[in-house]
Amino acid sequence: MNKRLIGAISYCGAIHEDIGDPNQDTFFAQPTMYGVIDGHGPSGEGVASYLKTNIPNLISSHSTLSDANEDIHNILSLHIQATMRRLDDDICGNASMEESGATISLAYFHPSSSSSSTSTSTNTTSTTTASPHSVTVACVGDCSATIASYDEATGTIRATPLLSSHRIDNEVERNRIESSGGKISGHYVVHPHNEEKIIGTTRTLGDKDMKTPHLFGVVSTPEIRSWAITPNDKFMILASDGFLEVPQQDQIVSRAWTLLNQNYPKTDEDTQEILRLLMQDLEQTLSPDDMHDARFQDDTTVILIVFQQE
């Protein structure tokens with residue numbers, strides 16, 4: 001597998017479009033690195049744009065990546081963590097952005113190490129793999145990354161979420177917030193000294209007002225994982241929050257697989273059209289309570305990455 005076909009779409013949600021607000025989502029797509037960014041707050045669009053420009057440049061600028069061999073996952077993980085810390089500091093230090101922030105998921109494709117590592121912000125495990133290609137994924141917040149794999153035993157496509165969602169309904173995240181002295185109300189983290197300040201994610205880039213005068217659990221630490229790609233892995237979806245939530249993700253992946261088999265893509269343009277058809281179907285059929293006039297309520301951004309076999 002040495003080629004990827006890419007389609008990407010970013011929609012302004014109905015709740016923003018109807019009042020003339022801009023789409024605060026964005027994305028980037030480079031030959032080996034892809035990312036979805038979901039801005040929020042008064043300057044969310046500016047935060048997202050800043051991250052779109054700087055994340056690919058900062059990560060790819062590390063010269064040691066090109067020299068990495070067996071340790072590429074660990075080296076890449078350190079670069080991603082350092083990049084997120086730097087950008088979080090930059091956003092929090094910018095007066096025009098301090099009440100805004102963004103969440104992100106990204107994927108970096110690279111040759112496999114002799115051992116494939118699975119890493120999170122709290123632990124790392126290693127397993128042996130013979131796959132020549134891997135993808136390292138990272139997220140801060142509730143954007144998602146999902147691999148779709150063909151199950152030969154059942155003849156069906158299976159969705160595997162590669163990262164967890166950094167929200168209060170994630171028990172690990174909830175416990176971390178509470179043990180750090182954070183306050184929780186419903187699905188939100190509440191500032192312990194100002195109940196008017198709330199945030200729907202437990203990790204974010206920016207949102208200085210939710211990290212001062214001291215940290216109480218809301219952090220910018222990315223969750224990072226590496227996945228060794230096999231011939232049964234058919235495509236990946238990166239998406240902003242809500243798009244791949246259970247129980248929808250199996251249905252979304254199944255529908256995408258059907259469209260790919262009906263319209264076998266040979267170019268990025270073909271893949272873009274398949275993604276457009278998928279989004280059109282979802283607007284009409286999924287979660288009608290979350291839709292408005294057959295439109296996505298929230299800003300929604302999706303990257304479809306189709307793996308081409310050698």
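## Terms and model

A residue counts as exposed when its relative accessible area is over 50%, as buried when it is under 20%, and as partly exposed in between. The model described here is predicted.

## Salt bridges

The whole structure contains eleven salt bridges. One joins the side chains of Glu195 and Lys183, with N and O 2.2 Å apart. Glu195 belongs to strand S12 and Lys183 to strand S10, so this pair ties together parts twelve residues apart in sequence. Glu195 is exposed, because its relative accessible area is 56%; Lys183, at 32%, is partly exposed. Asp142, Arg167 and Asp241 are joined into one network by salt bridges that share partners.

Glu178 and Arg174 also form a salt bridge, at 3.6 Å between the closest N and O atoms. Both lie in helix H5, four residues apart, which means about one helical turn separates them.

## A buried glutamate

Glu223 is in strand S14. Glu223 is buried but has no salt bridge, and the nearest side chain of opposite charge, that of Arg203, is 5.5 Å away. A salt bridge requires the nitrogen and oxygen to be within 4 Å. The side chain of Glu223 does make a polar contact with the side chain of Ser164, at 2.5 Å.

## Helix H6

Helix H6 runs through residues 248-262, and its end C-alpha atoms are 21 Å apart, in agreement with the 21 Å expected for 15 residues. Its buried residues are Gln248, Gln249, Ile252, Val253, Ala256, Leu259 and Leu260. These residues cover an arc of only 125° around the axis, so they lie on the same side of H6. Their packing partners include strand S8, strand S9 and helix H7.

Definitions and conventions: Residues are numbered from 1 along each chain as its sequence is written. This is a predicted model: local features need pLDDT of at least 70, side-chain atom pairs count only at pLDDT 80 or more; totals for chains, interfaces and linings use all residues. Side-chain values use heavy atoms; hydrogens and water are left out. Helices (H or I, at least four residues) and strands (E, at least two) are DSSP runs, numbered from the N terminus. The expected span of a helix is 1.5 Å times one less than its number of residues. Buried means under 20% relative accessible area, exposed over 50%, partly exposed in between (1.4 Å probe, protein chains only). The arc is that of the directions from the helix axis to the C-beta atoms. Contact means heavy atoms within 4.5 Å. Lys and Arg count as positive and Asp and Glu as negative; His and the chain ends are not counted. A polar contact is a pair of N or O atoms within 3.5 Å; within protein, one must be able to donate a hydrogen and the other to accept it, and residues adjacent in sequence count only if both atoms are side-chain atoms.
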